[in-house]
Amino acid sequence: LKLKKKIDFNDSISSMKNILEFCKDKKVKKLIYVSSSTGYPKSNKKLKENIYFYKRPSNESFQIGLMSRNLEKMINKYSKQRTFKTKIIILRPSAIYGKYDNFKRYPRLIPQIIKKAYSNKSYIKIPGSGSYIRNWISVTEFVNLIAKLIFFNINKKLLTMNISSDK
């Protein structure tokens, strides 16, 4: 069973607008938003903030990359408003895995490899072209990072961090 990803741009934009308006109205001190590194174009350069919006996202993740970019643009516009006081940390994880990944219904890469390793196969074929290089982060490590960032004092109104990228 292969599931197609469907992205509802209108719902995503509306939801983000509601979150940001809530933060503004209720004077929320800090918002940690988990975005995606899929907004980056294919590049051999190091992942830097100034190339995130440089060219179109890669074809493999175009829709989610475009959505991530648009939501971040909205966050950026809000953060520049004088009346918006919430400090925002945007996290762009690359590849998260965890022990509760659904090995049968949602065959993502790390669960596939773990499943194959447990089946005692002497040869494990890893799917893909080999063009992507990623460092994986466990969901436990990612949640621990978020917990630390809750108490992290940021001086900027907006801080963006790439998480678990090899570059």
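Are Tyr78 and Phe84 buried or exposed? In this predicted model, Tyr78 is buried, and Phe84 is buried as well. These residues also make a good entry point to the side-chain packing, since the count of aromatic pairs comes to one. The ring centres of Tyr78 and Phe84 lie 5.8 Å apart with their planes at 75 degrees, and the pair is therefore edge-to-face, an angle over 60 degrees being what that class requires.

It helps to step back to the overall architecture. The chain contains five helices and five strands, and from the N terminus on, these elements follow the order α-β-α-α-β-β-α-β-α-β. Of its 167 residues, 29% count as buried. Contacts across the sequence are well represented: when residues at least 6 apart in sequence are considered, 71% of the contacts join residues at least 24 apart.

Three of the strands come together in an open sheet, with the order S1-S2-S5 and parallel pairing. Strand S1 (30–34) and strand S5 (158–163) are the edge strands, each pairing on one side only. Averaged over neighbouring strands of this sheet, and with direction ignored, the turn of one strand against the next is 15 degrees. Strands of a sheet pair through backbone hydrogen bonds, in either a parallel or an antiparallel manner. Here, S1 and S2 run parallel and are joined by five bridges; one of the residues involved is Lys30, whose bridge partner in S2 is Lys87. A helix accompanies the sheet: H5 (residues 139–151) lies across S1, S2 and S5 and runs at about 160 degrees to S1.

Strand S2 also takes part in the salt bridge of the model, and the structure holds one such interaction. The partners are Arg92 and Glu72, whose side chains meet at 2.6 Å, N to O. Because Arg92 belongs to strand S2 (residues 87–93) and Glu72 to helix H3 (residues 62–79), the pair ties together parts that are 20 residues apart in sequence. The side chains of Arg92 and Glu72 are likewise joined by a polar contact of 2.6 Å. Both partners, Arg92 and Glu72, are buried.

What surroundings does Arg92 have, leaving aside its neighbours within four places in sequence? Its contacts include Ser35, Ser36, Ser37, Tyr40, Glu49, Tyr52 and Phe53, together with Glu72. Arg92 is also in contact with Thr160, Met161, Asn162 and Ile163, and strand S5 spans 158–163. With a relative accessibility of 0%, Arg92 counts as buried, because the class takes in values under 20%.

Among the contacts of Arg92 is Tyr52, a residue of helix H2 (residues 49–52). Tyr52 has a relative accessibility of 0% and so counts as buried. Leaving aside neighbours within four places in sequence, Tyr52 is in contact with Ser35, Ser36, Gly39, Tyr40 and Pro41, and also with Ser68, Arg69, Glu72 and Arg92. For Arg69, the separation from Tyr52 is 17 residues in sequence and 8.0 Å in space, C-alpha to C-alpha. Tyr52 thus touches both partners of the salt bridge, since its contacts include Glu72 and Arg92, the residues whose side chains meet in that interaction.

Terms used. Residues numbered from 1 in each chain as written. Predicted model: local features only at pLDDT ≥ 70, side-chain atom pairs only at ≥ 80, totals over all residues. Heavy atoms only, no water. Phe/Tyr/Trp six-rings, centres within 6.5 Å; stacked < 30°, edge-to-face > 60°. Buried < 20%, exposed > 50% of the residue type's maximum accessible area, 1.4 Å probe, protein only. Salt bridge = Lys/Arg side-chain N within 4 Å of Asp/Glu carboxyl O. Helix = DSSP H or I, 4+ residues; strand = E, 2+ residues; numbered from the N terminus. Pairing = 2+ DSSP bridges. Axes fitted to C-alpha atoms, helices over the stretch in contact; angles between N-to-C directions. Contact = heavy atoms within 4.5 Å. Polar contact = N/O pair within 3.5 Å; in protein donor to acceptor, adjacent residues only side chain to side chain.
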